[in-house]
Amino acid sequence: MHVVVLGAGVIGVTTAYYLSQNGHRVTVLDSAGELASGASAGNGGQLSYSFTDAMASPALLTKMPRLMMGLDPAFHIRPPVNSHLVRWGLSFLRQCTASQNRENTTAILKLALRSADLMSEIRSSIPLDFSFRRAGKLVMLATQASVQEAEALCELKRSHGCEVSVVSYKRAVEIEPAVKLMRHHYLGAVYSEHDEVGNSQSFTTGLGRWLSENRDVEFRLDTEVNNIIARNNALQGIDTSRGRLDTNAIVVCMGSWSGKVLRPLGIRTNIYPMRGYSMTLPAVEGSNHVSITDPGSKMVFSRLGDQMRIAGFADFVGYRTTKDHERVQDLLATARKVAPAIADYEADSIHEWGGFRPLTPDSRPVAGPSKIHGLHLNTGHGMLGWTLACATSHDVAAGISI
């Protein structure tokens with residue numbers, strides 16, 4: 001079959017890989033001029049297979065009044081109020097129960113563990129250089145309540161084969177000495193030895209290059225998608241800025257922009273764009289090797305080769321990008337305060353990034369066939385696109401046949 005993939009980020013290119021594995025001819029379209037230029041370009045770099053907690057939770061619900069009043073600097077909530085936001089927000093609130101959080105977290109965890117195995121298969125079969133490393137991960141805990149909550153969650157995850165545990169602060173320092181240099185007070189941490197790091201942009205561009213050279217995969221960049229053509233709930237083709245393209249199947253991997261092509265077809269994915277930010281600086285002698293997440297400041301610290309990737313924040317501002325530099329400066333100031341010796345903050349050049357994470361109310365990706373025959377979705381991965389890419393792409397590709 002000829003399959004068109006919409007989106008050349010990590011989700012789209014990984015989907016193209018599995019489609020080509022199944023013998024299909026693939027065309028990947030993207031409006032950008034290069035691969036992985038959107039949400040895949042500067043994320044936290046963490047393949048967080050053990051940290052798959054759904055965002056909607058009873059704990060977050062109790063914090064809502066504070067967040068809505070703008071009292072948490074890690075969240076900016078200034079979205080344009082419209083029917084989309086209201087529908088998404090009400091759905092999100094319904095997911096904030098303990099039972100729903102447990103169900104969603106478990107479902108995402110199962111995807112993540114499969115994704116880890118699939119990533120291992122790709123690495124063993126294709127020579128890709130993307131600063132990959134089995135770094136392990138520490139999620140710092142600052143209160144007794146967070147320790148108790150983490151212990152219960154770790155027990156749930158261990159019951160599904162995930163090796164994760166709560167360790168004391170002393171043990172966390174032994175695992176990663178850079179923790180001792182952090183300014184916040186911690187009681188302990190969640191430690192997952194087998195979590196990994198990698199540069200998702202390098203992975204995506206490297207895999208795309210390999211597909212172009214070794215498989216029947218074509219990338220058409222600088223190509224706008226005008227609309228998907230369907231009749232009687234059956235796919236007909238796709239209209240682009242470079243003309244019509246006939247195809248047997250389409251996979252939408254457009255992240256936060258998926259609704260642009262799906263809404264005219266009557267398909268609602270209920271995805272909201274949550275903007276996050278990162279900066280990439282040179283590593284220093286005190287930089288961590290084990291990845292560190294500080295939930296209190298909503299930040300992650302990942303070492304990618306000789307670079308430090310510091311990422312974080314969660315802004316609900318619609319599709320606005322006008323405050324990106326200001327927010328990266330906020331991130332920089334917070335990082336200096338939390339971990340003053342973890343990176344070269346005085347570097348001449350700091351790479352800044354802002355990207356939209358496509359968040360569903362239950363934090364689960366939307367992956368599989370749509371109501372239109374031949375049209376498939378692989379989107380809505382939220383903050384876990386890099387982590388879940390292999391699993392959802394493998395499953396979507398497996399479901400495409402004549």
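**View 1. The second largest pocket of the predicted model.** About 350 Å³ of space lies in the second largest pocket. The structure shown here and in the views that follow is a predicted model. Sixteen residues line this pocket, and those that lie nearest its centre are M64, M68, L85, W88 and G89. Three elements, namely helix 2 (58-68), strand 4 (75-77) and helix 3 (83-94), each supply at least two residues of the lining. Helix 3 provides the largest share of the lining of this pocket, with seven residues. Sorted by class, the lining of the second largest pocket consists of 15 nonpolar residues and one polar residue, with no charged residues.

**View 2. The largest cavity and its lining.** One cavity of 30 Å³ or more is found when the whole structure is searched. The volume of the largest cavity is about 30 Å³. Its lining is formed by S50, F51, K137, V139, V164, V190, S192 and D195. Strand 5 (137-141) and strand 7 (188-192) are the elements that give two or more residues to this lining. By class, the lining of the largest cavity divides into four nonpolar, two polar and two charged residues.

**View 3. The six-stranded open sheet.** Six strands form an open sheet in the order 9-2-1-13-20-19, and their pairing is mixed. Strand 9 (217-220) and strand 19 (366-369) stand at the edges; each has a single partner strand, so one side of each is left without a neighbour in the sheet. From one strand to the next, the twist of this six-stranded sheet averages 20°. Helix 10 (residues 385-398) packs on the sheet and touches strand 13, strand 19 and strand 20 (375-379). The direction of helix 10 makes about 175° with that of strand 20.

**View 4. Strand 13 and its two partners in the sheet.** In general, the strands of a sheet pair through backbone hydrogen bonds, in either a parallel or an antiparallel manner. Strand 1 (residues 2-6) and strand 13 (residues 249-252) run parallel and are joined by four bridges. Within this pair, V3 has A249 of strand 13 as its bridge partner, and V5 stands opposite V251 of strand 13. Strand 13 is also joined to strand 20 by three bridges, and these two strands run parallel. V252 has L377 in strand 20 as its bridge partner. Both faces of strand 13 are covered, with A249 and V251 buried on one side and I250 and V252 buried on the other.

**View 5. The three-stranded open sheet.** Three strands make up an open sheet with the order 10-11-12 and antiparallel pairing. Strand 10 (225-231) and strand 12 (243-245) are the edge strands, each pairing on one side only. The twist from one strand to the next in this three-stranded sheet averages 25°. Six bridges link strand 10 to strand 11 (residues 234-240) in the antiparallel sense. The bridge partner of R231 in strand 11 is A234.

**View 6. The surroundings of V261 in helix 8.** V261 belongs to helix 8 (residues 258-262). Its relative accessible area is 3%, and V261 therefore counts as buried, a class that covers values under 20%. Apart from neighbours within four places in sequence, V261 is in contact with V225, I228, V252 and M254. V225 lies 36 residues from V261 along the chain, and the C-alpha atoms of the two are separated by 7.7 Å. Two of these contact residues, V225 and I228, fall within strand 10 (225-231). Another, V252, is the residue of strand 13 whose bridge partner in strand 20 is L377.

**View 7. The surroundings of T106 in helix 4.** T106 is located in helix 4 (residues 98-125). With a relative accessible area of 13%, T106 is buried. When neighbours within four places in sequence are left aside, T106 is in contact with L156 and H160.

Key:
Residues numbered from 1 in each chain as written. Predicted model: local features only at pLDDT ≥ 70, side-chain atom pairs only at ≥ 80, totals over all residues. Heavy atoms only, no water. Pairing = 2+ DSSP bridges. Axes fitted to C-alpha atoms, helices over the stretch in contact; angles between N-to-C directions. Contact = heavy atoms within 4.5 Å. Buried < 20%, exposed > 50% of the residue type's maximum accessible area, 1.4 Å probe, protein only. 1 Å grid on protein atoms, 1.4 Å probe; cavity = no way out; pocket = protein on both sides within 12 Å on 5 of 7 lines; lining within 4 Å. Points joined across faces, edges and corners; volume = space filled by probe spheres on them. Nonpolar A, V, L, I, M, F, W, Y, C, P; charged D, E, K, R; others polar.
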